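Dear colleague,

I am handing over the structure below, and I would ask you to read the notes that follow it alongside the coordinates.

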Amino acid sequence: MTTNRLRIVLLVCSTRPGALGPAVGRWLADTLATSAGPLDADLVPVALGDLGLPFLDEEEHPSTGIHHNEHTRRWSRIVDGADGFVFVTPEYNYGMPATLKNALDHLGPEWAWKPAGFVSYGHTSAGTRAVQHAKQVVTTLRLVPLGSTVAIRIADAMRDDRFTPAARHAEAAEGLLAELVRVARALTPLRERERPDATAGPLPGSYARRLGPDDAPEVTVLQRCCWTDEAIANDTLAVPALRESPDDVRAWLADWHTTGLWRDGRLLGMVRTRRTGADLHIGRLAVAPDLRGLGLGRWLLRQAEAAGEDCRRIVLSTGAASHRNLTLYRQQGYLPLPGAGDDGVVDLAKAVSV
């Protein structure tokens, strides 16, 4: 699971001219600005009134994720790029505004496995009936509604025609954001499994996806777990994977195509590839020590080799005393290159069959 900053959309749902919604949204953004930083969250205010969403006018069903109209594609990008939502909503006739229902109905998979918090406002019920109405809808879209809410009675929050909620409302908003961040991080594995670039892995519940610079902390931990045995076997601490800082790892993740195998937010294994001329170079093949012997290394190696279909040969290296690695590579058709092993490293290669 990545530890990158979360993107939280603060969605103002009322579009009525002169509505209180924009003032509530500004108050919420200002109130949470200080606490968002320590939580590694970026707040993104969005007003439905600025999006120009008509009543649903797409030919394809929203569940397909296929959108023909630019207004829907724009809305899809906003929702797809978010890790969680806070809906700032009034209550209209015991329910949520039609604008919010329409915005929810426009999309399908973009909502899945993301937390949804609510800041409601109204008169007698402080907007709570709108929240109860909305929760029935968002759960159908696989959004996860929070227990924490902020409910504001308009009469209690207005001072001289200015929206000025009480301190308890600010405390409730900060608690909502803290819960939203915790749930968003807990749901990250489920969101990642739904990504178009994720593929099923060899273990039940596992999936593979390309790693990027934001995955540097997890990659650093995996390397230090895996290459300790290599250092002992080869009687040397001069192993690059053991000495790299997260910044070093972040730099090479930007240059190499690296595949990571995940399950329940844990990085189980990885392998990286890079093309040089007619050669495909494979490196940093790693499997968590407690999962060795389950075929994950062979599976990752095959994933890496698939990128070399139009190459002349595939090249990789390992320690001269890393007998387990050497056995695996020889079983997969790799042969030592002439003169290898003089510096404690064995270079191996195999031709790519045409």
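Strand 13 (residues 313-319) and strand 15 (residues 345-351) are paired antiparallel through 7 bridges, where strands are DSSP runs of E of at least two residues and helices are runs of H or I of at least four, both numbered from the N terminus, and where pairing requires that DSSP finds at least two bridges between two strands. Within this pairing, Val 315 has Ala 349 of strand 15 as its bridge partner. Strand 14 (residues 335-336) is also joined to strand 15, again antiparallel, by 2 bridges, and Ala 349 is the bridge partner of Leu 335 as well.

This is a predicted model, in which local features need pLDDT of at least 70 and side-chain atom pairs count only at pLDDT 80 or more, while totals for chains, interfaces and linings use all residues. Residues are numbered from 1 along each chain as its sequence is written, and side-chain values use heavy atoms, with hydrogens and water left out.

The mean pLDDT (the predictor's confidence in each residue, from 0 to 100) is 92 for the chain, and 97% of the residues score at least 70.

The largest nonpolar core (buried Ala, Val, Leu, Ile, Met, Phe, Trp, Tyr and Cys residues joined through side-chain atoms within 4.5 Å, buried being under 20% relative accessible area with a 1.4 Å probe, protein chains only) has 45 residues, of which Val 219, Ile 282, Tyr 329 and Tyr 334 touch the most other members. Helix 7 (residues 216-234) gives the most to this core, with 6 residues. Apart from it lies another core of 30 residues, including Leu 20 and Val 88.

Best regards

How values were computed:
Buried < 20%, exposed > 50% of the residue type's maximum accessible area, 1.4 Å probe, protein only.
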